[in-house]
Number of protein chains: 2
Amino acid sequence: MTTTEIAAARRREVIPEATVARLPLYLRALHTLADEGTSTISSEALAEAAGVNSAKLRKDLSHLGSYGTRGVGYDVAHLITSISHELGLSRRCSVVLVGVGNLGRALAGYGGFASRGLAIDALLDADPALTGEQIAGLTVRHIDDLPEVVVPGSIGVIATPASAAQLVCDLLVGAGVTSILNFAPTVLSVPADVDLRKVDLSIELQILSFHEHRKSLVTPA
Amino acid sequence: MTTTEIAAARRREVIPEATVARLPLYLRALHTLADEGTSTISSEALAEAAGVNSAKLRKDLSHLGSYGTRGVGYDVAHLITSISHELGLSRRCSVVLVGVGNLGRALAGYGGFASRGLAIDALLDADPALTGEQIAGLTVRHIDDLPEVVVPGSIGVIATPASAAQLVCDLLVGAGVTSILNFAPTVLSVPADVDLRKVDLSIELQILSFHEHRKSLVTPA
DNA sequence: ACGCGCTTGTGAACGCGCGCACAAAGTCAG
DNA sequence: CTGACTTTGTGCGCGCGTTCACAAGCGCGT
C-alpha cells in the first residue's frame, strides 16, 4: 500500500462528531501557540490551552492520523496543517452571507473566519438601500444576485430576522447550496440532502439563567 | 412564595444538562404557537415544531413536573409558564453586556432576549467615545462603572475582542458575577465557583466546512 | 355508563463518548 | 550501548443520553 493510499484510507476513517466539534478549538489554540513561537507541544499543555482533557485530546488527534512523537509531543505547524486539511480549510471555501444587519456585520468582520481560510465571499441583503455599501472589504449585493455568487460547495450563512429566514433558506437551497448555517431563531425545513446547522445566541444565556436561578434556590437570600 | 419555590425545586429531581439545553428551544416554539393562537398541542406536533424527537420531548417535559393530559396533549400557556419559571426567566434577570462592537449591538437588539425575560440591563465599553451613546434603548456606560451596574445574580456577557476578554472577565468576577457568557474566541480562566459558558461563532461554520469537504471526497468532481 | 381511540409517561436496551490507567515507543544523558 | 525518563496511543469500564415500544390514563361519542 502506497503512502497516498494510506492517507486516503485515513481520510475515509469515520471521525466522531464530538471530535469534529473540538477540532476548531484545537486549531485556535494552535494558532495562538504558533504566534507565540512555540514549535512543539505536549498533549497535556495543548489540552490545557484548549480547555479539555488530555486523554480526550490525544484520542481526537489519533483519529486524523497525525502522529505525535512519544517523549516529545506534537509539532505545532504540522498539526495546524493536518487539522486545517481535515476541516477542509486548506483549499479556499466559499461562504455566502445573507443579512447585513448588526449580526451580519459582526460575522463579516469576525477575525476568526479569515485567519482560518473561511473568508466570506459575498454579502447579500434584501434591502436595496444597503446595496453597494462596503463592509469588511466586500460590496453588499442584492439578494436577487444570489444565484450568481453561489458556486458548487458554497456554504450559506443566514443572519436575517427570523421572519425572512425560511425564504432565504429556500433561495439558498434553490441555488444549489447544500450546507447552511442559521443564526435566525427559527426552525428551518430543508431537503434531506442539505446539511443544516443552527446557532441561537440566546440559548446559552438561558442556560446560564437556569443555573443562576438554581443557585439562588439552594442558597436563598 | 420563595419557600414554595424552594420546596418545589427540592421535590423535583435533577434536570439533565441535555434537557436544560433544549428547554429554550421548546420555549421558542411554544411562543410561536401561542402567537398563532394555539392553546393545546401534542408532543408529536411540538417536537416537529422544535425539531426534535417526540419521545425525547416527553421525557424532557416530564422532568419539570408539568403534566400534559393524556389523549389531549399539553396546554401551551401552562407549558410556557412552567419552562420560563424553570429557566429563571419569570423574575427579571439582570444581564450586563460588555463590548459594544457589531456583535454587542446585535446582541443588544436581539429580539429573543427581551421577549423571554432576559432583557439586557447595562451596556459597557472601554472606548470613551462610545460612552453616552444610545443603543436599543440603553445608554452605553464606561467599563469603569461596572461595579455600579452589577447586582447579585447578574449575568455577564463578554462581546469584546479576544485580546480584552480575560481582562473584562476578571473585572466581572471581581465585581461578584458568577455566571459569564463569552463570545470572544479565547479560553478564559475563572475561579471554580464561576459558571462560564462560551459561544464561538466560527465553530459551527468550520464543522459545516468539514462535512462539505467530506462530500467532495466521497463524490469527487 | 362504557368502551374506543388518542396521547402521555416511562421501563429497558442500546450506543456513544469520556476518562483512567498502562503499555509501547521514542529521547537523552553518560 | 544502555538505562532511565518522558509522552503518546489505546483498551476498558462506566455513565449519560437517546430511542423504541407499550402500558396507563383521559376525553369523547354513543
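In chain A, the 18 positive and 23 negative charges have mean positions that sit 9 Å apart. That value, like the rest here, comes from a predicted model. As for overall dimensions, the C-alpha trace of chain A spans about 65 × 60 × 35 Å along its principal axes. The chain's accessible surface adds up to about 10100 Å², and carbon and sulfur atoms account for 55% of that. Turning to the inside, 49% of the 221 residues in chain A are buried. Contacts reach across the sequence too: of those between residues at least 6 apart, 55% link residues at least 24 apart.

Now for the secondary structure. Chain A has ten helices and nine strands. Seven strands come together in an open sheet with mixed pairing, and reading across it gives the order S5-S6-S4-S3-S7-S8-S9. At the edges of this sheet are strand S5 (134-135) and strand S9 (195-198) of chain A, each with pairing on one side only. Further in, strand S4 (residues 120-125) and strand S6 (residues 138-142) of chain A run parallel and are held together by three bridges. Within this part of the sheet, A:Leu123 has A:Val140 of S6(A) standing opposite.

Among the helices, H5 (residues 76-86) of chain A is a good one to look at. Its buried residues are A:Val76, A:Leu79, A:Ile80, A:Ser82, A:Ile83, A:Ser84 and A:Glu86. A bit of helix geometry helps in reading such a list: an α-helix has 3.6 residues a turn, so residues three or four places apart point the same way. Just past the end of H5(A) comes A:Gly88, with a positive phi of about 75 degrees.

The loops have some details of their own. A:Ala136 is in the loop between S5 and S6 of chain A, and its phi is near 50 degrees, which is positive even though the residue is not a glycine. This alanine counts as exposed because its relative accessibility is 53%, over the 50% cut-off. Chain B tells a matching story at B:Ala136, where phi is also near 50 degrees in a residue other than glycine. B:Ala136 is placed in the loop between strand S5 (134-135) and strand S6 (138-142) of chain B, and with 54% relative accessibility it counts as exposed.

Back in chain A, A:Pro161 belongs to the loop that runs between strand S7 (155-158) and helix H9 (162-174). This proline is exposed, at a relative accessible area of 56%. A:Pro161 and A:Ala184 are 23 residues apart in sequence, yet their C-alpha atoms are 6.0 Å apart in space.

Last come the cysteines. Over all chains, the structure holds zero disulfides. Why is there no bond at A:Cys93? The closest cysteine sulfur, in A:Cys169, is 18 Å from the sulfur of A:Cys93, so the two are too far apart for a bond. In chain B, B:Cys169 is likewise in no disulfide, with the nearest cysteine sulfur, that of B:Cys93, 18 Å away. Are these cysteines buried or exposed? A:Cys93 counts as buried because its relative accessibility is 4%, and B:Cys169 counts as buried at 0%.

Note on methods
Residues are numbered from 1 along each chain as its sequence is written. Chains are lettered from A and ligands numbered from 1 in the order in which they are written. This is a predicted model: local features need pLDDT of at least 70, side-chain atom pairs count only at pLDDT 80 or more; totals for chains, interfaces and linings use all residues. Side-chain values use heavy atoms; hydrogens and water are left out. A disulfide is a pair of cysteine sulfur atoms within 2.5 Å. Buried means under 20% relative accessible area, exposed over 50%, partly exposed in between (1.4 Å probe, protein chains only). Helices (H or I, at least four residues) and strands (E, at least two) are DSSP runs, numbered from the N terminus. Contact means heavy atoms within 4.5 Å. Accessible areas come from the Shrake-Rupley method with a 1.4 Å probe; for residues, only the protein chains shown count as cover. Lys and Arg count as positive and Asp and Glu as negative; His and the chain ends are not counted. The place of a charge is taken as NZ of Lys, CZ of Arg, CG of Asp or CD of Glu. Two strands pair if DSSP finds at least two bridges between them.
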